[in-house]
Amino acid sequence: MEQRTAKEITKLQELAYELKVGQAMTKEVITVSPYSTMAEFMEVLRVNRISGTPVLEEGRMIGIVSIEDLIKALAAGELNATVGEKMTPNPVTLYADEPLVHAVSKFSELRFGRFPVINRAGELVGIITQGDIARAMLRRLEVDYHEEEIHRYRASHIFEDIIADEIALVFGYRVAARDFERAGEASSGLKRTLSRLGIHPRVIRRVAVATYEAEMNIVIYTDGGEIVAEVRPGRVRIEALDKGPGIPDIEQAMQPGFSTAPEWVREMGFGAGMGLPNIQASADEMKLESTVGVGTHLDIIIYFDERKGT
Amino acid sequence: MKLREIATALDLQVQAAAGKLDVEVTGGYASDLLSCVLAKAQKGNIWVTLQAHPNIVAVASLLDLAGIVITEGRKPEPDTVEKANEKGVPILTTPHATFTLVGELAKLGVVGVD
C-alpha cells in the first residue's frame, strides 16, 4: 500500500513538471477597473462566483483584488472606496510557459488564493487557483489512465474476441548488425507488448532476459537478423534468426564463460559467455541450430503457467 | 528506502531521469557484466557499475531496476543520458569505487538479493 501511494505521488510530481501553467489556468479572466467601487467589485464576485480578480487600467495589470480585501472594506464600512485604493498593487505573477510545479510551490510559499498568469510580453493571459491545478492534474491522469487501459483492454481481450480453432499473434523485430545504438529495442518492444497482453510480470521478465540476450548476440556476432515472437494462449515462442556467420561448435558455445567476443565488446560488459546460458535458464524449451556460413536459428518456448521458476 | 534518500545520503549526482527518484529501492546488485545483471538483478534494485554506455539503460529498463549508479567518477555518455531520460531510468554518479559505494549502500540497509 505504501509503495502504491509513493507511486501515485511520483506520478503527480511528474505531471506537475510536464504540465504548463498555461494548460491549467482559466483563460477567461474577469477583471475590474481601479476606478470601480468596492460595492461594484462585490457584485462582480457574486455574479461570476469567483473570489478575486486582476485590476486592469487601459489593458495593463496594475494590481489584484480579492474577497479578503472586500471583507476588510465591509468591516471598515468603506464599500464606496475604489478598487484602486484597496487592491494589492504589483501582484506576484506566473508565466504561462512555466511548469506547473512552479505554481504549486508559489501557492505553498505565499499562501495566496490566485495568481494572474502573463505571457513573456507581460500581457495578462489567464488566472490560476489551486482548484485549477487539481482539475488539470486529474484531467491529465484520467487521459493517461484511459489510454493505458484501452491498450491493455484491447490487447488482453484479443484472444477472447477472436473466433478461431487456433490463435497465434506474431510480432517481428528486425535487428541490425553492430548497431549498439538501437540494441535492446526489440526486447523492450516485446516486453511492452506482452505487458499489454496482460501476461504475468514474472513471465515477462524471463522473456525479456532471453530476448535481450538473443538480440545482443545478433547485434554483436552476426550480419544482422530478426526476432519473431509468436504468442498463443498459454505460451510464447521466440525465434532469433540471423544471416551468419554461424556457430561452429554449439556445445562449446553453450558452456558458461565461453565467448568469442572481441576485446572492445568485452569492455562494454558484453561477451561474458553468459548469453546462451541465460537464455537456457529463462526458457522452458530451447533449440539452437547453426550452419557455418549460413546462419543460426534459436528457438525457445516460455509457458505462462511458470513450469520453470525464475 | 527511496532512491532519492539514497542519493542524498551518499551524495550521488543525478545525471538523468531526475523526476523518477521517488521509487522504492528493493535491494542492490553490482557488476559490470550485463549478462550477470540480467540473470541476477531484481525489479526495483539499484545497480552499481562502471559501464556508462547506452546499453545499460536497456538492461535496467528491461528489468525495471530502480536506477543505475556509475562509479569511479565516470560520467554517462550523452546517448546514455538521452536514452535514460526517454525510458525514465535514473542514472547517478559517484567519484567512489564500486566496493566503497556498495559498502555505503549496505550501511543504509540496501542489501544484495542472492
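These questions and answers walk through a predicted model of two chains, A and B.

Q: How many helices and strands are there in chain A?
A: Chain A has 310 residues, of which 30% count as buried. Among its contacts between residues at least 6 apart in sequence, 62% join residues at least 24 apart. Its elements are 13 helices and eleven strands.

Q: In what order do the elements of chain B run from the N terminus on?
A: Chain B holds five helices and five strands. Buried residues make up 51% of its 114 residues. From the N terminus on, the order is α-β-β-α-β-α-β-α-β-α.

Q: Which strands stand at the edges of the open sheet in chain A?
A: The sheet has five strands, in the order E7-E8-E9-E11-E10 (chain A), and the pairing is antiparallel. An edge strand has a single partner strand, so one side of it is left without a neighbour in the sheet. That applies to strand E7 (169–175) and strand E10 (285–291) of chain A.

Q: What does the twist average from one strand to the next in this sheet of chain A?
A: The sheet in question runs E7-E8-E9-E11-E10 (chain A). From one strand to the next, its twist averages 10 degrees.

Q: Which residue in E9(A) stands opposite Ile227(A)?
A: Strand E8 (residues 225–232) and strand E9 (residues 235–242) of chain A run antiparallel. Eight bridges join them. Opposite Ile227(A) in E9(A) stands Ala240(A).

Q: At about what angle to E7(A) does H9(A) run?
A: H9(A) lies across three strands of chain A: E7, E8 and E9. Relative to E7(A), the helix runs at about 160 degrees.

Q: Which strands are at the edges of the open sheet in chain B?
A: Five strands make up this sheet, with mixed pairing. Their order is E1-E5-E4-E3-E2 (chain B), and the twist averages 25 degrees from one strand to the next. The strands that pair on one side only are E1 (13–16) and E2 (27–30) of chain B.

Q: Which residue in E5(B) stands opposite Ile70(B)?
A: Strand E4 (residues 67–70) and strand E5 (residues 91–93) of chain B run parallel. Three bridges join the two strands. Opposite Ile70(B) in E5(B) stands Thr93(B).

Q: Which strands of chain B does helix H4 lie across?
A: Helix H4 of chain B covers residues 78–87. The helix runs at about 80 degrees to E1(B). The strands it lies across are E1 and E5 of chain B.

Q: Which element gives the largest share of the side of chain A that touches chain B?
A: The contact takes 27 residues from chain A and 20 residues from chain B. On the side of chain A, the elements that give two or more residues are helix H1 (2–18), helix H9 (185–196), helix H10 (201–221) and helix H13 (275–282). The largest share is seven residues, and it comes from H1(A).

Q: How do the residues of the side of chain A that touches chain B divide?
A: This side holds 27 residues. They divide into 13 nonpolar, nine polar and five charged.

Q: Which element gives the largest share of the largest nonpolar core?
A: This core has 74 residues. Among those that touch the most other members are Val207(A), Ile238(A), Ile46(B) and Trp47(B). The largest share, twelve residues, comes from H10(A).

Q: How many residues make up the second, separate core?
A: Its members include Val21(A), Ala24(A), Ala103(A) and Ala136(A). The total for this second core is 15 residues.

Q: Why does Met42(A) count as partly exposed?
A: Met42(A) lies in helix H3 (residues 38–48) of chain A. Residues with 20 or more neighbours would be buried, and those with 12 or fewer exposed. Met42(A) falls in between because its C-beta neighbours inside 10 Å number 16.

Q: Over which residues of chain A does pLDDT stay under 50?
A: The mean pLDDT of chain A is 88, and 92% of its residues reach 70 or more. Where pLDDT is low, the predicted coordinates should not be read in detail. The stretch under 50 has three contacts beyond four places in sequence, and it covers residues 1–7.

Definitions and conventions. Residues numbered from 1 in each chain as written. Chains lettered and ligands numbered in written order. Predicted model: local features only at pLDDT ≥ 70, side-chain atom pairs only at ≥ 80, totals over all residues. Contact = placed C-beta atoms within 7 Å. Helix = DSSP H or I, 4+ residues; strand = E, 2+ residues; numbered from the N terminus. Nonpolar A, V, L, I, M, F, W, Y, C, P; charged D, E, K, R; others polar. Core = buried A, V, L, I, M, F, W, Y, C linked by C-beta atoms within 7 Å. Pairing = 2+ DSSP bridges. Axes fitted to C-alpha atoms, helices over the stretch in contact; angles between N-to-C directions. pLDDT = per-residue confidence, 0-100.
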